[in-house]
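I opened this structure to work out how its strands are arranged and how its helices sit against them. These are my notes, in the order in which I looked things up.

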Amino acid sequence: MAKISPLMVIPPLVFLGLASLFLVGMFRDDPEALPSARIGQQAPALQITELPGKALFDDETLRDGNLKLVNYWASWCAPCRVEHPNLEKLRAEGLPIYGINYKDDPDNALDFLAELGDPYEAVGADNSGRAALDWGVYGVPETYLIDGDGNILLRVAGPLVQRVIDSQLRPALEKAR
């Protein structure tokens, strides 16, 4: 009787393992979503500095009892320009938005807000990127929905376009209220 080498079993097992991984990945709720370990946790302590001429916010602001957005942005970020009108609309609806300017020149950041408008209640600067690391930011823009106790309810990686507002942000806001 022919003997089967153990090495002959390894390729089919590797194939089955990869096929299983691909199958699970294909049937996720949103295969393009970037996972966040911060959902349901307290927002990390803020390590931001003042953007000249703008009000600064702190950890107590994140725990003031009200729903709010924290938006990471930069003047050099093209998608930040795309989402900016939507941030202004959300603020006009009464949703407080706090901005964190990410690794940006302060003059460029202020010019950006002067040109496009300032949708933020207050703005801080994260010049070193340390705060972004603590929050788990992959890149700008990124927006977090924070509840009144300072817990992260939702993370949106990428610009807040109308499709994302309708499919993710508004349902999360309704659920939180």
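Entry 1, the first pairing. I began with strand β1, residues 49-50, and found that β1 and β4 pair in the antiparallel sense over two bridges. I kept in mind from the start that this is a predicted model. Looking at the individual partners, I saw that E50 stands opposite G124 in β4, while T49 stands opposite A125 of that strand.

Entry 2, the other neighbour of β4. I then turned to β3 and noted that β3 and β4 pair in the parallel sense, over five bridges. Here I100 has G124 as its bridge partner in β4, and G124 is also the residue that E50 of β1 stands opposite.

Entry 3, how enclosed β4 is. Are the residues of β4 buried or exposed? I found that five of the five residues in β4, which spans 122-126, are buried, so the strand is largely enclosed by the rest of the structure. I also checked directions: A122, G124 and D126 point one way, V123 and A125 point the other way, and all are buried. This fits the general rule that side chains in a regular strand alternate between the two faces of the sheet.

Entry 4, the whole sheet. Stepping back, I traced an open sheet of six strands in the order β1-β4-β3-β2-β5-β6, with mixed pairing. Its edge strands are β1 and β6 (152-157), each of which pairs on one side only. I also noted that α3 packs on the sheet, where it touches β2, β3 and β5 (142-146), and that its direction makes about 160° with that of β2.

Entry 5, the helix between β3 and β4. I saw that β3, α4 and β4 make a right-handed β-α-β unit. Within α4, residues 106-116, I found A109, F112 and L113 buried. Why do I say that they line one face? Seen down the axis of α4, the buried residues fall within an arc of 90°, so they line one face of the helix. These buried residues pack against β2 (68-73), α3 (78-92) and β3 (97-102), whereas the face turned away from the buried side carries the exposed residues D107, A114 and E115.

Entry 6, the two ends of α4. At the start of the helix, I noted that a side-chain oxygen of D105 reaches to within 3.1 Å of the backbone nitrogen of D107. Just after the helix, G117 takes a positive phi of about 105°.

Entry 7, the other side of the sheet order. I moved on to β5 and found that it runs antiparallel to β2, with five bridges joining the two; in this pairing, Y72 has E142 of β5 as its bridge partner. I noted that β5 is mostly covered, as five of its five residues are buried. E142, Y144 and I146 point one way from the strand, and T143 and L145 the other way.

Entry 8, the hairpin and the last helix I checked. I found five bridges between β5 and β6, again in the antiparallel sense, with T143 opposite V156 in β6. The two strands form a hairpin with five residues between them, and G150 in the turn has a positive phi of about 90°. Finally, I noted that helix α6, residues 162-176, lies across β2, β5 and β6 and runs at about 175° to β6.

Notes:
Residues numbered from 1 in each chain as written. Predicted model: local features only at pLDDT ≥ 70, side-chain atom pairs only at ≥ 80, totals over all residues. Heavy atoms only, no water. Buried < 20%, exposed > 50% of the residue type's maximum accessible area, 1.4 Å probe, protein only. Arc of directions from axis to C-beta. Contact = heavy atoms within 4.5 Å. Polar contact = N/O pair within 3.5 Å; in protein donor to acceptor, adjacent residues only side chain to side chain. Pairing = 2+ DSSP bridges. Right-handed = clockwise from strand over helix to strand, strands pointing away. Axes fitted to C-alpha atoms, helices over the stretch in contact; angles between N-to-C directions.
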